[in-house]
Structures are given as C-alpha cells and as structure tokens.
Amino acid sequence: MKSFEIKTKIYFGDNALDRLAELPYKKIMIITDPFVIKSGMIQMITYRLNEAKIDFEIFDEVVPDPPVEKVSVGVKHLLEYNPEAIVAVGGGSAIDSAKAIKDFASKVKNDNEVKLIAIPTTSGTGSEVTAFSVIRDDRNHKKYPLVSESMIPNEAILDAALVKSVPPSITADTGMDVLTHAIEAYVSINNNEFSAALAEKAIEICGVFLLRSFLDNNDTHARQKMHAASCLAGLAFNSASLGLNHGIAHQLGANFHIPHGRANALLLPHIIEFNSDINIHSKSRHEYLPAVRKYVNIAKLLGLTNFNEITTVRALVNWIQFMMKEMNMPLTIAQCGVDKKEYFDLIDVMADNAIKDACTITNPRVPTHYDVVTILKNLYE
C-alpha cells in the first residue's frame, strides 16, 4: 500500500509575503544567511513581523552546504530563545539548516511543538516542502541526507519578489536542480501517479521558462513559474525520492564544493545514459530498460519527440547539454577547475559513498562500484 500527502500549506502569488502579518505566533526565530541581511532582503520579512507586533530574533550564521558545527550553534540559539516558530529565509542551505536545527532541538527538548515556515529566495531545492535536509561533515568529507517527516515545513511562502535579484549563474544552477529533481522523481522506483503528475508539470515549466528566467531578471512571469516549478519538483521527490544523480552529486559537493545544482546538471546526461543503457553507440533493440519509456515521455513533454526510443533519449541528453551551454554552465569537472590528480585519487571513495547514499536506493537501475567509477571518470573531461 502507498500513500500521498502534502503536509505543507503553500502561499503563493502576488504579495504572498503578507502571510507573515497573519501568523498566529508571538515569538519567532528567523534563520537566514548573511547575504539576506546585507542585501536588505530581510526587511521584506521583518517589517511585516513588526506590523503584526511579533517578537523575533535573527540567527544569520547559515553558510553554503551547512556543516554540522553551524547546525549545533543554531540548536543552542534555538533552545535559548525558545520561540513558537522558525521562519527560514534563503536558499536550500538556509532552509536545510533550519530543518536540521529544529529536528535536533526537538530531540533535546523531547517535543516537536516549534512550527517551521520556509521562505525560499532561490528557485531550486524545493526544500520548503520536503522531509529532506542535507548537512556536511567536513571531518569525513561527506554529505548526509537527513530524512524525517518531522522536518517537513508547516508552511511555505513562495513570493517571486525574493528571486528577482538572483544572478544568472545561480538561476542556471538552481534551475537545473529543479529539472534534475523532477526527472529523478519521475524515473524513481518509488514513483506514483501523484508524484508523476507533479514532476511532469515541473519539467514542462522548465522547458518553457528556465532559459527565459536566466536571460532576463525582469521577466517576472518566468521567475514566478520557476519558483512554482521548484516547489512542484520538491513535492514530487518528497513522495518518490531521487536517485543516483543525487547520490553522486552529494560526493562532488562534499569533496570539491561544486554547487549542488551545478553538480546535478553535470551528472544528468551521464545518469540518463546509464539508467537507459543508451549512448551515442547504441543501436535499436527489441527491448529497453524500464526507465527508457519514462525518459521518452520526458522528451515529449519538452517537445523532443524523435524517430525511435534511442534517438529520443539522445535528443533529451542533447537538449540538457544545449541548455547548459546556453546558460554558460560547465559541462565537465575539469571546467569547474578541479585538480585532476586530486579528483581521480578520490574516485573510489566517492563511488563507495554514492552507492551508500540514501538517494541512490530508489534509482531505476542498480549501480555497481564499477558503474559509478566509470561515470565519475567520464565526467572529468
């Protein structure tokens, strides 16, 4: 038996941030990063809380790929301030930090009463509606995906006003993160009709609006659409989980600090080839792996219908690489400036950790150590 549930109440559209003035809490802790403070973006949050006469404290020590140590500091602040709710403002790192802080603090207090409101400032992770949080262990060079129903935010506020100033490079990284979430959820062995519908819509939106969003910050309509697509893809993978793409991407982020969305984008063509067993040398056959039908459906959603299964899957891979080139993204690890010897020295370790990663469990094709090593080698240049 399967089940599907959306636990997060989502506020979206024009002036969605006005929801903050309606919050039924008297004491709130804001968790965010220094950029949100320095840019003045935080004022879009605080003036509404002030109007509603809600007391708040700001914890702004969030850093990219949140490390265990910073989460510990946040837990200490939360326990000392003892708020009724947390408002997480920022990209995936801020929201993931808030989730982990809330989860660990609730274990210390032995209760889960503190509510969580997530306000994303990038259109990428979908973390505002998922049970996932990824934290970094620098000592062991690992990223740990935490999964707990208790980390799902109670509310998400999607306001495109917060993403207007996102620079093109981050728009590209986060946009490809959305696409990867949707594609991996769609082909996951845990996929279902509900997750598939959400993933299909997210993919369709990416096909129409991702490049528009990258090319013009002032294209508010495109920005709103990508903000919604990020949330839709988050809902999809919260139900269906992800796959090997994320399993390997976590290793690239932990060891070489490649931004998560960029790592996903680099891997996506290679993972599609692996999961479908279709590459530039493939010839037509009578039977294909189960994921092929789904990749063909994805290609159709993007308007890429072609002659047969092989040419259609190849068209999907080519489209992804075309999009990356159009958005000035690197296509190889070498183009990310990673030292070749350092990279190849870690390939075996990264392959082992990728196979053990929680996301890899639901990949449509079971990878061997050799498979992952091959993907990592091909990824370099």
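This passage walks through the salt bridges, some buried residues and the internal cavities of a predicted model.

A good place to begin is with charged side chains. Side chains of opposite charge can pair when their charged atoms come close. Across the whole structure, a search turns up 15 salt bridges. One of them joins D103 to K107, with 2.9 Å between N and O. Both residues belong to helix α4, which spans residues 92–109, and they sit 4 residues apart, about one turn of the helix. An α-helix has 3.6 residues a turn, so residues three or four places apart point the same way. The two partners differ in their surroundings: D103 is buried, because its relative accessible area of 9% falls under the 20% limit, whereas K107 is exposed, because its value of 54% is over 50%.

A second pair reaches between helices. R262 and D173 form a salt bridge in which the closest N and O atoms are 2.8 Å apart. R262 lies in helix α9 (residues 260–276) and D173 in helix α5 (residues 168–187), so this pair ties together parts that are 89 residues apart in sequence. Here R262 is partly exposed, at 24% relative accessibility, while D173 is buried, at 7%.

Another salt bridge links R212 with D219, and its closest N and O atoms are 2.9 Å apart. D219 counts as buried at 14% relative accessibility, and R212 is partly exposed at 35%. Charged residues can also be joined in larger groups than pairs: R19, E22 and E155 are linked in a network of salt bridges.

Attention now turns to packing. Helix α13 covers residues 347–356, and its buried residues are I347, M350, A351, N353 and A354. These residues pack against strand or helix elements β7 (142–147), α8 (244–256), α12 (340–345) and α14 (369–380). A single residue gives a closer view of such an environment. S195 has its place in helix α6, which runs over residues 193–215. The residue S195 counts as buried, because its relative accessibility is 0%. Once neighbours within four places in sequence are left aside, S195 is in contact with F4, A236, S239 and A240.

The last topic is empty space inside the model. Rolling a probe the size of a water molecule over the atoms shows where empty space is left. In the whole structure, 2 cavities of 30 Å³ or more are found. The largest cavity holds about 80 Å³ of space. Its lining consists of T122, S123, V163, V166, T171, T174, G175, L210, S213, R223 and M226. The elements α5, α6 and α7 (220–240) each give two or more residues to this lining, and α5 provides the largest share, with 3 residues. By class, the lining of the largest cavity divides into 4 nonpolar, 6 polar and 1 charged.

The second largest cavity contains about 60 Å³ of space. Lining this cavity are L78, L79, N82, P83, K102, A105, S106, K109, D111 and V114. Two or more of the lining residues come from each of α3 (68–81) and α4, with α4 giving the largest share, 4 residues. The lining of the second largest cavity has 5 nonpolar, 2 polar and 3 charged residues. Helix α4 therefore appears twice in this account, as it also holds the salt-bridged residues D103 and K107.

Definitions and conventions
Residues numbered from 1 in each chain as written. Predicted model: local features only at pLDDT ≥ 70, side-chain atom pairs only at ≥ 80, totals over all residues. Heavy atoms only, no water. Salt bridge = Lys/Arg side-chain N within 4 Å of Asp/Glu carboxyl O. Buried < 20%, exposed > 50% of the residue type's maximum accessible area, 1.4 Å probe, protein only. Contact = heavy atoms within 4.5 Å. 1 Å grid on protein atoms, 1.4 Å probe; cavity = no way out; pocket = protein on both sides within 12 Å on 5 of 7 lines; lining within 4 Å. Points joined across faces, edges and corners; volume = space filled by probe spheres on them. Nonpolar A, V, L, I, M, F, W, Y, C, P; charged D, E, K, R; others polar.
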